[in-house]
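Colleague: I have a few minutes before the next meeting. Can we go through this one together?
Modeller: Yes, here it is.

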Amino acid sequence: MKSTVARHPYLQNGECITSDYDCEWLERVLHRAAEHAGIYLPCEREVAQGVFRYLEHHCPLRTVPLPYFFGRLRSVLREIGLPRIADALQEQLPPVSIPLDAMAGKNPLPLFFYTELKHRMDDLRSRGLTSYRFSGAHRCSLVLGRRRRSCPTQRRALLELESFLAIQTA
């Protein structure tokens, strides 16, 4: 069995601390900044990989405040000749992972499941976390539909779950 441990520092925003981010999140942040600045950035992957490599191998800090992280990222972008992208860079936390199947295992009745999910998302929003990554939707719909395999009841439960998530994340 292979275990992976995050070697990059935690990001902290107020009371929230997360280590659940990767190079792809950093690429999306750079891509949005480039779009906002009206610039095409063909090397966003390489810049993100360089920053992430520094975080994994050379950063001496275990926890980095989010404003400090984005301040340092802005200075790196200015140093490599991308000041307009640095100015357009907006602070944002990585998406929070919400394992739907684990929640359904604890709350197998739809009424309790949806209430718990809404409370969790409201709590995350109150802490400033607005970007989510949901996992286990298919397994969750099996539990909520009380099925062992896909069937019309499970597909209805999945559609209901997807509709609920679309409303909550809009």
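Colleague: How many salt bridges does a search of the whole structure find?
Modeller: The search finds 5 salt bridges. Keep in mind that this is a predicted model.

Colleague: Which residue does Asp-20 form a salt bridge with?
Modeller: Asp-20 pairs with Arg-133, and the closest N and O atoms are 3.5 Å apart. Asp-20 sits in the loop between β2 (16–18) and α1 (23–37), while Arg-133 belongs to strand β5 (residues 132–135), so the salt bridge ties together parts that are 113 residues apart in sequence.

Colleague: Is Asp-20 buried, exposed or partly exposed?
Modeller: Asp-20 is partly exposed, because its relative accessibility is 33%, and partly exposed covers what lies between under 20% and over 50%. Arg-133 is partly exposed as well, with a relative accessible area of 32%.

Colleague: And Glu-27, which side chain does that one meet in a salt bridge?
Modeller: Glu-27 meets Arg-45, at 3.5 Å from N to O. Arg-45 is in helix α2 (residues 44–57) and Glu-27 is in helix α1, so this salt bridge ties together parts 18 residues apart in sequence.

Colleague: What about accessibility for Arg-45 and Glu-27?
Modeller: Arg-45 is partly exposed at 47% relative accessible area, whereas Glu-27 is buried at 14%.

Colleague: What does Arg-125 form a salt bridge with?
Modeller: Asp-122 is the partner of Arg-125, with the closest N and O atoms 3.0 Å apart. Both residues lie in helix α6 (residues 110–126), 3 residues apart, which is about one turn of the helix. Lys-118 comes in too: salt bridges with shared partners join Lys-118, Asp-122 and Arg-125 into one network.

Colleague: How accessible are Arg-125 and Asp-122?
Modeller: Arg-125 counts as partly exposed, with 31% relative accessibility. Asp-122 is partly exposed too, at 32% relative accessible area.

Colleague: New topic, pockets. How much space lies in the largest pocket?
Modeller: About 280 Å³. Its lining includes Val-51, Tyr-54, Leu-61, Phe-69 and Arg-72. The elements giving two or more residues to that lining are α2 and α3 (66–79).

Colleague: Which element gives the most?
Modeller: That is α3, with 5 residues in the lining of the largest pocket.

Colleague: What is the lining of the largest pocket like by class?
Modeller: By class, 11 residues are nonpolar, none are polar and 1 is charged.

Colleague: How much space lies in the second largest pocket?
Modeller: The second largest pocket holds about 190 Å³. Among the residues that line it are Trp-25, Arg-28, Arg-32, Pro-94, Pro-95 and Thr-130. Helix α1 gives the most to this lining, with 3 residues.

Colleague: And what classes are in the lining of the second largest pocket?
Modeller: There are 6 nonpolar, 4 polar and 2 charged residues in it.

Colleague: On to the inside. Which residues of the largest nonpolar core touch the most other members?
Modeller: Phe-69, Leu-77, Phe-113 and Leu-117 do, in a core of 46 residues. By element, α1 gives the most to this core, with 7 residues. As background, nonpolar side chains tend to be buried together in soluble globular proteins.

Colleague: What does Phe-113 touch, not counting residues up to four places away in sequence?
Modeller: On that count, Phe-113 touches Leu-100, Met-103, Ala-104, Asn-107, Cys-140, Leu-144 and Leu-161.

Colleague: Where is Ser-141 found, and is Ser-141 buried or exposed?
Modeller: Ser-141 is found in helix α7 (residues 137–144). Ser-141 counts as buried, because its relative accessibility is 0%. Neighbours within four places in sequence aside, Ser-141 is in contact with Gln-154, Ala-157 and Leu-158.

Colleague: Last one, backbone. What is phi of Arg-146 near?
Modeller: Phi of Arg-146 is near 55°, a positive value in a residue other than glycine. For background, most residues other than glycine have a negative phi.

Colleague: Where does Arg-146 lie, and is Arg-146 buried or exposed?
Modeller: Arg-146 lies in the loop between α7 and α8 (152–169). With 59% relative accessibility, Arg-146 counts as exposed.

Key:
Residues numbered from 1 in each chain as written. Predicted model: local features only at pLDDT ≥ 70, side-chain atom pairs only at ≥ 80, totals over all residues. Heavy atoms only, no water. Salt bridge = Lys/Arg side-chain N within 4 Å of Asp/Glu carboxyl O. Helix = DSSP H or I, 4+ residues; strand = E, 2+ residues; numbered from the N terminus. Buried < 20%, exposed > 50% of the residue type's maximum accessible area, 1.4 Å probe, protein only. 1 Å grid on protein atoms, 1.4 Å probe; cavity = no way out; pocket = protein on both sides within 12 Å on 5 of 7 lines; lining within 4 Å. Points joined across faces, edges and corners; volume = space filled by probe spheres on them. Nonpolar A, V, L, I, M, F, W, Y, C, P; charged D, E, K, R; others polar. Core = buried A, V, L, I, M, F, W, Y, C linked by side-chain atoms within 4.5 Å. Contact = heavy atoms within 4.5 Å.
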